[in-house]
Amino acid sequence: MTEAWNGPVPSPCVSICVIDPPTGLCAGCYRTLNEIAGWIDFSAEERRALLAALAERRAREGVAIAARLAKQPPLQPSVADSELPRAER
């Protein structure tokens with residue numbers, strides 16, 4: 001194993017946090033809500049195993065999830081956001 005493989009395991013989050021209803025997977029990282037919530041408590045071994053599974057999920061579901069996400073209307077800012085001065089958004 002390489003030294004990087006033995007070190008800390010970074011989160012696969014890419015800040016595209018949208019759950020795809022048909023699959024229950026995040027459109028950005030391909031984790032389930034339970035996997036996202038449990039990440040902080042997972043051991044390094046569990047995290048590495050999940051990361052290995054994500055590549056297969058992406059290959060299997062990625063195109064369909066991206067297509068569904070592209071069909072969704074853009075999110076509208078909330079009223080509270082629109083009331084903030086532009087520099088504070």
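Glu-35 is buried, and Arg-57 is buried as well. The model in which these two residues sit is a predicted one. Their side chains meet in a salt bridge, with 2.6 Å from N to O. This pair links distant parts of the chain, since Glu-35 lies in helix α2 (residues 33–38) and Arg-57 in helix α3, 22 residues apart.

Glu-35 can be followed further. Its relative accessible area is 14%, and it counts as buried because that value is under 20%. The side chain of Glu-35 makes a polar contact with the side chain of Arg-57 at 2.6 Å. The side chain of Glu-35 also reaches the backbone nitrogen of Thr-32, at 2.9 Å. When neighbours within four places in sequence are left aside, the residues in contact with Glu-35 are Tyr-30, Phe-42, Leu-50 and Arg-57. Arg-57 therefore appears in this list as well as in the salt bridge, where a side-chain nitrogen of Arg must lie within 4 Å of a carboxyl oxygen of Glu.

Side chains of opposite charge can pair when their charged atoms come close. How many salt bridges does the structure hold by the rule used here? The count comes to four.

Another of these pairs is formed by Asp-20 and Arg-68, whose side chains meet at 2.8 Å, N to O. The pair links distant parts of the chain: Asp-20 belongs to strand β1 (residues 19–20) and Arg-68 to helix α3 (residues 44–71), with the two positions 48 residues apart in numbering. Are the two partners buried or partly exposed? Asp-20 has a relative accessible area of 5%, so it is buried. Arg-68 has a relative accessible area of 29%, so it is partly exposed.

A further salt bridge joins Arg-60 and Glu-61, and the closest N and O atoms are 3.2 Å apart. Which residues are joined into one network by salt bridges that share partners? They are Glu-56, Arg-60 and Glu-61. Arg-60 counts as partly exposed because its relative accessibility is 48%, and the class of exposed residues begins over 50%.

Two items concern aromatic rings. The structure holds one aromatic pair. Separately, a charged side chain is placed over a ring: Arg-31 lies over the face of Trp-39, at 5.3 Å from the ring centre.

To return to the salt bridges, helix α3 supplies Arg-68 for the pair with Asp-20 of strand β1. Helix α3 also supplies Arg-57 for the pair with Glu-35 of helix α2.

How values were computed
Residues numbered from 1 in each chain as written. Predicted model: local features only at pLDDT ≥ 70, side-chain atom pairs only at ≥ 80, totals over all residues. Heavy atoms only, no water. Phe/Tyr/Trp six-rings, centres within 6.5 Å; stacked < 30°, edge-to-face > 60°. Lys NZ or Arg CZ within 6 Å of the ring centre and 35° of its normal. Helix = DSSP H or I, 4+ residues; strand = E, 2+ residues; numbered from the N terminus. Buried < 20%, exposed > 50% of the residue type's maximum accessible area, 1.4 Å probe, protein only. Polar contact = N/O pair within 3.5 Å; in protein donor to acceptor, adjacent residues only side chain to side chain. Contact = heavy atoms within 4.5 Å.
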